[in-house]
Protein chains: 2
Amino acid sequence: MSGKFAKEMSALKEHLGKHQLKFTRQREMILTAFLRQEHITAEAMYHQLAKTDPHLGLATIYRTLNLFCDAGIAQARHFGSQTQYDNVSHKGHHDHLICTGCGKIVEFENCEIEKLQEEVAARNGFTIQTHRLELYGLCSRCRH
Amino acid sequence: MSGKFAKEMSALKEHLGKHQLKFTRQREMILTAFLRQEHITAEAMYHQLAKTDPHLGLATIYRTLNLFCDAGIAQARHFGSQTQYDNVSHKGHHDHLICTGCGKIVEFENCEIEKLQEEVAARNGFTIQTHRLELYGLCSRCRH
DNA sequence: ATCGTCTTGAGATAGCTTATCAATATCAAT
DNA sequence: ATTGATATTGATAAGCTATCTCAAGACGAT
């Protein structure tokens, strides 16, 4: 029961303690479910957890995911019409190359770009938690 | 009246022709206004154009900006709770550094990153039309 | 166990975007 | 230039996601 999520669990408890908030059954349940994902929407988590606890409210999911953002465990990102809550502790980050012709998506990683991003951030006094890089263009076939 | 936006105007007309769509007074007016901006929201453009044409509907703005996206002239980007429509032809492209603590947004440009992006694209047979780079983290004040 | 405070669940509400539809504008063919 | 077929517009309703409200219940320090 110590669990592989002990680090995040204590990060949450520390945040709760600092802000006079309480550790509840729902917060524990939602955190455990959240840490199993790389990113998820509130709606998706609502349906996922409905199997375990049918009375868990959607508003509670939103409130709790936003709480995780405050605690630095999650990070909200607007994608399409919904908000994606990213698991900050998840490492394997990849970026996307998207063809505007056929919709093909190629994933890539580039350490040099990431290093330059760190430099830009540092120059502006920022500490990067995560990022999003999408390149839009035409793939070889769609270019004709 | 030839105008500095001739290139985009013909790109729009080409798209319209290919899809059995019509060239209207509203589309021309919205395109001209749009090309003067680097990026704008539908709501902001609605208020801006209300001075010229008080009867122009908000739905038309949304429809037209989405049309520009289809034509490759604009690009939608979800930012906060609203959608930003970016002017693709605008050169001085800037990226964003976003504080997850206070919401502060810092714009930046970095040629080296852009060059590396080109390399990644070329390696995969892509020709970049535009891109989106957002760095999320804590600004100096929010880091404490 | 008690009490003050925080949290929850359910539904109402708010904000942004899209759908509906009758009236109108556009454009190719007369 | 007129016609006719089709696309577009404007106004408003509807849809969706996320947040707010508040009475009832849970938490945790004492």
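Me: What makes two residues count as being in contact here?

Reply: Two residues are in contact if their C-beta atoms, placed from the backbone, lie within 7 Å. By that cut-off, the contact takes 34 residues from chain A and 33 residues from chain B. Please keep in mind that this is a predicted model, in which local features need pLDDT of at least 70, side-chain atom pairs count only at pLDDT 80 or more, and totals for chains, interfaces and linings use all residues. Residues are numbered from 1 along each chain as its sequence is written, while chains are lettered from A and ligands numbered from 1 in the order in which they are written.

Me: Which element gives the most to the side of chain B that touches chain A?

Reply: That is β6(B), with 12 residues. Helices (H or I, at least four residues) and strands (E, at least two) are DSSP runs, numbered from the N terminus. Among the other elements that each supply at least two residues to this side of chain B are β2 (74-79) and α5 (111-123).

Me: What makes β6 of chain A and β6(B) a pair?

Reply: Two strands pair if DSSP finds at least two bridges between them. Here 11 bridges join β6 (residues 127-138) of chain A to β6(B), so the definition is met. The two strands run antiparallel, and Leu135(A) stands opposite His131(B).

Me: How do you know how the two copies are related?

Reply: The copies are superposed by least squares on the C-alpha atoms of residues with pLDDT of at least 70 in both. A turn of 179° and a shift of 0.2 Å along the axis lay chain B on chain A with an RMSD of 2.1 Å. The two copies are therefore related as by a two-fold rotation axis. Of the residues of chain B, Leu133(B) comes closest to that axis, at 2.0 Å (C-alpha).

Me: Why are residues called near DNA strand D?

Reply: A residue is near a strand if its C-beta atom, placed from the backbone, lies within 6 Å of it. Around DNA strand D there are 26 such residues, and Ala59(A), Thr83(A), Leu21(B), Gly57(B) and Thr60(B) come nearest. The element giving the most to this surface is α4(B), with 4 residues.

Me: And which residues come nearest to DNA strand C?

Reply: They are Leu21(A), Gly57(A), Thr60(A), Ala59(B) and Thr83(B), out of the 25 residues around DNA strand C. Elements giving two or more residues to that surface include α2 (25-35) of chain A and β3 (82-87) of chain B.
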